[in-house]
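Here is a friendly briefing to read alongside your structure. Please keep the sequence and the 3D view open as you go through the points below.

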Amino acid sequence: MKKPGLTFYKSAAIVLIIIFVALQIGSPAIKNPPVTSEIVVPKEVKQILERACYDCHSNEAKVEWFDRIAPASFLVAHDVNEARSRFNFSEWDRNPPAVQELLLWEMVNAIDQQKMPLQRYQLAHPGSKVSASELTVLKQYVNTLPGRHKVDTARIVARSLTNDKFLTQKTPVSLNGIPYSAEYKNWKIISVTDKFDGGSMRIVYGNDVLVKALKNHQLPFPDGSRVVKVVWGKQAEDKDGNVLPGNFQNAQFMIKDSKKYSSTEGWGFAKFDGLDLKPAGKTVLFEQTCANCHRLLAPENDFVFNIPTK
């Protein structure tokens, strides 16, 4: 076989140069909009956030020279836009206080699980890595937030004959057509969480389809996967250090059907509140509210919170 001649290599080099120049011309610019409501946290916490998170999650991105060179610039622009869409420390007041607290907890969890900062970002920006001592600072801070100390002080109300009668008469159905079902009580528990930001205790159940996918590290989850999270309030710690569940708050359902629920990332959402299991929401648009929160905080887990990390 005849080897390529010098003319071939010259032509190939010219083509590559043309492509490279074209990419630079079309390279996206990272713009910093005005800061409208910056997050207010202690100085030592702010310093960590600025160094590890602000380049993507704020309007104060400091883009290095090599970040501006295509094709890397396209990836950087994508990451910044994606990060700002999830939460933005420069537009912090756009989130209600309860969501702000939730975001901070999820941020600390993501760092603790080494999901953030992104590994590829750390490779190019080694100074962004959060050390163990810095993570301790962040954990200590979120532990001071109000939700961490929220407790259920109301008299515990157990299920009564009245509730049982209600449930036998009519199965509660969510506005998007998802019926309540107690079959989850026969499923496997995949996670138990003390949701510090909301002062609640939670047990997460998964059906056989979802559990099998978890064992096989299969993401996204296949159609037929179901998750139910059952939520109770959290009582105050007793003299022996025990923390017991308070009143039942709600049961949250997720059903995977990628076609039927395509507008909500393939998941059907439902929530049933209180012992009478009243379907949540005033219109069917409630499911978009659910989906938005899951898009914001758990896109890497196929939008499911609290799956096992190992």
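An unreviewed UniProt entry lists residues 17-146 under "domain: Haem-binding". Please keep in mind that the model you are looking at is predicted. The notes below start with that annotated span, then turn to salt bridges, paired strands and one buried asparagine.

**The annotated span**

- Residues 17-146, the span that UniProt lists as "domain: Haem-binding" in an unreviewed entry, are 55% helix and 0% strand.
- The C-alpha atoms at the two ends of this span are 57 Å apart.

**Salt bridges**

- How many salt bridges does a search of the whole structure find? The search finds 10 of them.
- As background, side chains that carry opposite charge can pair when their charged atoms come close.
- E50 and K46 form one salt bridge, with 3.7 Å between the closest N and O atoms.
- Both E50 and K46 belong to helix 2 (residues 43-52), where they sit 4 residues apart, about one turn of the helix.
- E50 counts as partly exposed because its relative accessibility is 37%, while K46 has a relative accessible area of 18% and is therefore buried, the cut-off being under 20%.
- The pair is part of a wider set: E38, K46 and E50 are linked in a network of salt bridges.
- Another salt bridge joins E82 to R86, whose closest N and O atoms are 3.2 Å apart.
- E82 and R86 are 4 residues apart in helix 4 (residues 72-86), so about one helical turn separates them.
- With 33% relative accessibility, E82 counts as partly exposed.
- D240 and K239 also meet through their side chains in a salt bridge, at 3.5 Å from N to O.
- Are the two partners in this bridge buried or exposed? D240 counts as exposed at 56% relative accessibility, and K239 counts as exposed at 79%.

**Strands 4, 5 and 6**

- Strand 5 (residues 267-273) is mostly covered, with 5 of its 7 residues buried.
- Strand 5 pairs with strand 4 (residues 245-256) in the antiparallel sense over 7 bridges.
- If you want a place to look in this pairing, find Q252, which stands opposite K271 in strand 5.
- Strand 5 is also joined to strand 6 (residues 278-279) by 2 bridges, and these two strands run antiparallel.
- Here D273 stands opposite K278 in strand 6.
- The hairpin of strand 5 and strand 6 has 4 residues between the strands, and G274 in this hairpin takes a positive phi near 70 degrees.

**Strands 2 and 3**

- Strand 2 (residues 200-206) is mostly covered too: 6 of its 7 residues are buried.
- Strand 2 runs antiparallel to strand 3 (residues 226-234), and 7 bridges join the two.
- Which residue of strand 3 stands opposite S200? The residue there is G233.
- In general, side chains in a regular strand alternate between the two faces of the sheet.

**A buried asparagine, N301**

- Where is N301 placed? N301 is in the segment after helix 10 (286-297).
- N301 counts as buried because its relative accessibility is 12%, and buried means under 20%.
- Apart from neighbours within four places in sequence, N301 is in contact with K115, L219, F221 and I307.

How values were computed:
Residues are numbered from 1 along each chain as its sequence is written. This is a predicted model: local features need pLDDT of at least 70, side-chain atom pairs count only at pLDDT 80 or more; totals for chains, interfaces and linings use all residues. Side-chain values use heavy atoms; hydrogens and water are left out. Buried means under 20% relative accessible area, exposed over 50%, partly exposed in between (1.4 Å probe, protein chains only). Contact means heavy atoms within 4.5 Å. A salt bridge is a side-chain nitrogen of Lys or Arg within 4 Å of a carboxyl oxygen of Asp or Glu. UniProt positions are given in the numbering used here, feature names are shortened, and annotations may be inferred rather than shown by experiment. Two strands pair if DSSP finds at least two bridges between them.
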